[in-house]
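Trainee: Could you walk me through how to read a few features of a structure, one at a time?
Mentor: Gladly; let us put it on the screen and begin.

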Amino acid sequence: MEAEIAQPRNSSLGGEIIGRIDALGAISETTDNLTRIFLTPEHRAAADLILSWMRDAGMRAQLDAIGNVCGRYEGERPALPCLMLGSHYDTVRDAGKWDGPLGLITAISCVADLHKRGRRLPFAIEVIGFADEEGVRFASTLLGSRAVAGTFDESLLGSRDHAGVTMREALTQFGLDPEHIGAAARARSELLAYVELHIEQGPVLEAENLPVGVVSAISGATRLSVGLAGMAGHAGTVPMALRRDALAGAAECIVAIEQFCRTDQGLVGTVGYINAMPGATNVIPGRVSFTVDIRTASDSHRKLAVADIVRQIENIAKRRQLVLQVHVTHENRTVPCASWLKRQVAEAVGAEGYRAFELPSGAGHDGMAMIDIADVAMVFVRCRGGISHHPDEHVETADADTGARVLLRLIEGFRM
Ligand SMILES: [Zn+2]
């Protein structure tokens with residue numbers, strides 16, 4: 001059977017998007033991998049390039065008070081509220097080039113397409129590139145979107161990077177005024193919605209054989225720090241029945257957490273760090289600490305699950321005569337995507353000929369901050385093998401193109 005000949009499309013945005021992904025991916029503090037961190041010369045170079053793309057797309061564009069790139073494409077009349085599109089352009093260390101930039105570049109390409117056709121809409125479109133989402137430099141995430149949402153924590157200005165430079169100093173060196181971050185904040189009345197396209201960073205769309213997906217919610221997360229104390233002792237002299245081995249107890253806890261999460265639909269749980277003391281081949285471990293990360297797309301579900309997991313850990317510790325300490329080190333609420341927006345994303349996906357498949361985002365995104373000033377929706381694009389935060393991160397050109405067509409359709413058909 002002959003291969004099906006692809007129908008020519010009116011607009012293929014995929015090629016331009018890939019070219020720009022490569023151009024932005026080349027701006028890195030190291031030559032052999034990609035690292036682009038907040039308030040560095042690479043941040044500046046990337047911002048300049050993105051601003052030039054925004055202006056080419058018919059937008060008025062500038063940096064805001066925290067270093068976000070902001071572009072505005074007016075609607076049928078000036079000063080209309082906007083549909084805000086965006087993502088981040090900072091990276092983790094040794095990153096892939098798609099995480100963040102795909103959403104930002106796709107949004108710019110959609111606006112460029114409207115501009116080329118002279119199309120104005122009954123609302124403005126703003127495209128925003130957040131300067132810091134990953135939080136690599138100052139160990140605090142979502143700095144760019146929090147500034148826009150008006151929830152930036154000013155006490156972070158005193159936090160220091162690895163070299164001892166404070167955020168206040170770094171902002172000043174970059175040419176920004178740390179006392180005026182408040183100027184980046186936007187009012188709810190200025191925004192109709194915030195929509196972000198992003199790579200999935202997981203393997204679900206690939207398994208479903210779909211190029212795009214409709215995000216149902218950004219999962220909330222609870223992180224625990226667990227300490228178990230038993231009794232250290234000689235590995236040769238203490239009989240098994242008389243031991244209080246903290247590491248064996250932790251191992252039982254970890255398997256119990258895995259079992260629990262496996263049998264509970266929608267729940268993911270990870271023990272990503274463990275430390276055993278004193279940590280010698282011939283000594284029974286006396287003290288262990290480990291972390292637990294629990295996520296799911298409903299806050300009540302997550303809270304019940306965490307309570308259940310803690311109860312199981314307590315039982316294991318009690319049976320093994322281990323002294324237990326559990327601390328909640330981090331808690332993030334779930335950010336549900338708005339139904340009225342999800343419906344419109346699903347329609348756009350359907351109109352492109354794909355099944356509208358809903359999935360939660362297990363990873364955090366700027367929508368977690370933007371929810372404070374706008375309803376939020378997200379479109380996920382399939383990435384190869386679900387690999388992200390890694391140089392092997394990859395999106396097929398056809399999938400980038402499908403994502404762009406979905407976003408463009410969403411914009412043009414957007415109902416407030
Ligand atoms: Zn990201």
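Trainee: Where does Arg20 sit?
Mentor: Arg20 belongs to helix 1, residues 14–25. Keep in mind that this is a predicted model.

Trainee: Is Arg20 buried or exposed?
Mentor: The cut-off to apply is that buried means under 20% relative accessible area. Arg20 has 13% relative accessibility, so Arg20 counts as buried.

Trainee: Which residues is Arg20 in contact with, leaving aside its neighbours within four places in sequence?
Mentor: With those neighbours set aside, Arg20 is in contact with Trp53, Ile105, Ile108 and Ser109.

Trainee: Let us try a charged residue in a loop. Where is Asp161 found?
Mentor: Look in the loop that runs between helix 4 (143–149) and helix 5 (167–174). Asp161 has a relative accessible area of 13%, so this residue is buried. Beyond its neighbours within four places in sequence, Asp161 is in contact with Arg137 and Phe138. You can also check a C-alpha separation here: Asp161 and Ala139 are 22 residues apart along the chain, and their C-alpha atoms are separated by 8.0 Å.

Trainee: And Asp399, is it buried or exposed?
Mentor: Asp399, found in helix 11, has 7% relative accessibility and therefore counts as buried. Outside its neighbours within four places in sequence, Asp399 is in contact with Pro211, Val381 and Arg382.

Trainee: How should I read a whole helix? Which residues of helix 9 are buried?
Mentor: Start with its span. Helix 9 covers residues 339–351, and its 13 residues reach 18 Å from the first C-alpha to the last, close to the 18 Å expected at 1.5 Å a residue. Its buried residues are Leu341, Lys342, Gln344, Val345, Ala348 and Val349.

Trainee: Why are these residues on the same side of helix 9?
Mentor: Because they cover an arc of only 160 degrees around the axis.

Trainee: What do the buried residues of helix 9 pack against?
Mentor: They pack against strand 5 (191–199), strand 6 (212–218), strand 15, strand 16 (376–381) and helix 11 (397–412). Helix 11 is also where we found Asp399. Just after helix 9, look at Gly353, which takes a positive phi of about 95 degrees.

Trainee: Now the empty spaces. How many cavities of 30 Å³ or more does the structure hold?
Mentor: The general distinction is that a probe fits in a cavity but cannot get out, whereas a pocket is open. In this structure there is 1 cavity of 30 Å³ or more, and about 30 Å³ of space lies in the largest cavity. Its lining is made by Cys253, Ala256, Ile257, Phe260, Ile309, Gln312, Ile313 and Ile316. Helix 7 (246–262) and helix 8 (299–319) are the elements giving two or more residues to that lining. By class, the cavity lining has 7 nonpolar, 1 polar and no charged residues.

Trainee: How much space lies in the largest pocket?
Mentor: About 1000 Å³. The largest pocket is lined by 43 residues, and the closest to its centre are Arg295, Ser361, Gly362, Ala363 and Gly364.

Trainee: Which strand supplies the largest share of the lining of the largest pocket?
Mentor: Strand 15 does, with 4 residues. Among the strands that each supply at least two residues are strand 7 (220–229), strand 12 (287–296) and strand 13 (323–332). By class, the lining of the largest pocket has 13 nonpolar, 20 polar and 10 charged residues.

Key:
Residues numbered from 1 in each chain as written. Predicted model: local features only at pLDDT ≥ 70, side-chain atom pairs only at ≥ 80, totals over all residues. Heavy atoms only, no water. 1 Å grid on protein atoms, 1.4 Å probe; cavity = no way out; pocket = protein on both sides within 12 Å on 5 of 7 lines; lining within 4 Å. Points joined across faces, edges and corners; volume = space filled by probe spheres on them. Nonpolar A, V, L, I, M, F, W, Y, C, P; charged D, E, K, R; others polar. Expected span 1.5 Å × (residues − 1). Buried < 20%, exposed > 50% of the residue type's maximum accessible area, 1.4 Å probe, protein only. Arc of directions from axis to C-beta. Contact = heavy atoms within 4.5 Å.
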